[in-house]
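Work through the following exercises with the sequence and the model side by side. Try each task on your own before you read its solution.

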Amino acid sequence: MNQPIIKVGILQNQDSITFKIYGGYILNNKIKLSDRKLKVLPNGKNLILQEKNEIIYSGESLSFEPLKVNKSIEDARYKFEVENVTIGIDFHWEQKEKESFEGSFKIINKQGKLILINEIEVERYLQSVISSEMNSESPFEYLKAHSIVSRSWLLAQLENRKNAVSMEKSQVNENQKIVWYDKSEHTDFDVCADDHCQRYQGLTRLSNNLALEAVKDTSGIVLMYNDRICDARYSKSCGGITEEFQNVWQSVYYPYLKSIRDFDDKDEHLPKTEEEFEKFIKSSPEAYCNTKDESLLKKVLNEFDLITKDFYRWKIEIKQLALKTLLEMKLGIDFGEIKELIPLERGKSGRIIKLKIVGTKKEYIIGKELEIRRALSEKHLYSSAFIVEPIFKDNSEIPCKFIFYGAGWGHGVGFCQIGGAVMASKGKSFEEILKHYFPGAELRKIY
Ligand SMILES: [Zn+2]
Ligand SMILES: [Zn+2]
């Protein structure tokens, strides 16, 4: 099997796209271009390519191929640079960057809005993803483990797309909104370049040799279960116990994503009741991802991720007015005064799957975890594993504020990134790390 080519959506929904090409590229097999700054605008169903306000080409789609003799040899002279790429869309680390990429790219017009798609070999894409997501100084076994997780996830998504697996995505009626957001929703490309899929910043952060080495060392190796590539998920910190797939996305049970205690002691009693979850979330139980080792965290997280230091156990307060305004804005529902937030169902990690919002005017149930995180925060709550405490003032029956005690960062399914890094720093191999987070899965080299 040869390695597949992947289509990555770099920009979507743009009114115009400005970019610069370096080295030689050929446009639609017709025009040679090099070292030029160009702008693309929609024109009805077509596209126009401009240089300094002068139209140099017009067509239905624009496809740029690097004029390289040998396509599989890396050559830094051939690249393109795109302005205003937003990373971390809607998350608390959202920012814009100028980024550069290699390989071919295409610009298409989708109902007057522009999309830029980069086409690149899977392994090269992974080298970039690993080095964008991971700091160059991360422990090597961790980088190797992460490479295999990312590769497995990606190839499993490509398989799903090929087999056109369509899944139920929501259960919505007047009393509830249970929705989940999975990655298979892109139609014009395989994955987007943002955290929604995997953060891909092209050549921008592709400067560290260790991440490249980790991907190269594990080239073609994936996690397999029953002869199928594992849909390997990952998030920043599980919060002490990993979550299961069906509690975050559609109701499919994957044995290799079964919930585990992120620690060595497997015999310990895990929380099941609301009281036990409260005790678990309000304490700080030992776990691989329960670390305050700043030097390790600095090595593992990219600099802007360092904004969040209290990822394992966190606490926030939301005032009554802020909460009701937020919920009205996010859900489009006027609840009146918010009386209670009741967890109806929790996953194995404590992440709330269904949350009942009780207002003076309306009761409503929301889920699953990402919808809960979006509804209760201007950006996103770190996770849906939280305990809510209403605070009352002056014998009022309406709380004046709510205190959230939370655990973990992200959905918590599969590979716990911070936990994996700590395991690696304690001398565990990538095989041991992957065996811990993906019970029963095996490693296989498929190309
Ligand atoms: Zn995406
Ligand atoms: Zn963890």
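Contact means that heavy atoms lie within 4.5 Å of each other. Helices (H or I, at least four residues) and strands (E, at least two) are DSSP runs, numbered from the N terminus, while axes are lines fitted to C-alpha atoms, for helices over the stretch in contact, with angles running from 0 to 180 degrees between N-to-C directions.

This is a predicted model, in which local features need pLDDT of at least 70 and side-chain atom pairs count only at pLDDT 80 or more, whereas totals for chains, interfaces and linings use all residues. Residues are numbered from 1 along each chain as its sequence is written, chains are lettered from A and ligands numbered from 1 in the order in which they are written, and side-chain values use heavy atoms, with hydrogens and water left out.

**Exercise 1. Describe the open sheet of three strands and the helices that pack on it.**

Solution. Begin with the strand order, which is β17-β22-β21 with antiparallel pairing; two strands pair if DSSP finds at least two bridges between them. Since β17 (313-319) and β21 (386-391) each have a single partner strand, they stand at the edges, and so one side of each is left without a neighbour in the sheet. From one strand to the next, the twist averages 20 degrees.

Next, look at the pairing of β21 with β22 (residues 401-407), where six bridges join the antiparallel strands and Pro390 stands opposite Phe402 in β22. Helix α4 (residues 274-282) packs on the sheet by touching β17, β21 and β22, and its direction makes about 95 degrees with that of β21. Finally, helix α6 (residues 320-331) lies across β17 and β22, running at about 90 degrees to β17.

**Exercise 2. Determine which donors coordinate the zinc ion (ligand 2), and give the geometry of the site.**

Solution. Donors are N, O and S atoms within 2.8 Å of the metal (3.2 Å for Na, K and Ca), and because water is not among the atoms, sites may look incomplete. By this rule, Cys238 (SG), Asp262 (OD), Cys289 (SG) and Cys416 (SG) coordinate the zinc ion at 2.1 to 2.3 Å.

The angles among the four donor atoms are 103 to 121 degrees, and the site is tetrahedral, a label that four donors receive if all angles lie between 85 and 135 degrees. Ideal angles for four tetrahedral donors are 109.5 degrees. Along the chain, the donors follow the spacing C-x23-D-x26-C-x126-C.

Lastly, consider accessibility, where buried means under 20% relative accessible area, exposed over 50%, and partly exposed in between (1.4 Å probe, protein chains only). Cys238 is buried at 2%, and Asp262 also counts as buried, at 0%.

**Exercise 3. Locate the salt bridge between Arg36 and Glu51, and then examine the one between Lys144 and Glu141.**

Solution. A salt bridge is a side-chain nitrogen of Lys or Arg within 4 Å of a carboxyl oxygen of Asp or Glu, and the structure holds 26 of them. For Arg36 and Glu51 the N to O distance is 2.7 Å. Arg36 lies in strand β3 (residues 31-43) and Glu51 in strand β4 (residues 46-51), so the pair ties together parts that are 15 residues apart in sequence.

For Lys144 and Glu141 the N to O distance is 3.1 Å. These two residues are separated by about one helical turn, because they are three residues apart in helix α2 (residues 140-162). Lys144 is buried, with a relative accessible area of 11%, whereas Glu141 is partly exposed at 22%.

Methods
Four donors count as tetrahedral if all angles lie between 85 and 135 degrees; four count as square planar and six as octahedral if opposite donors are over 155 degrees apart and all others between 65 and 115; anything else is irregular.
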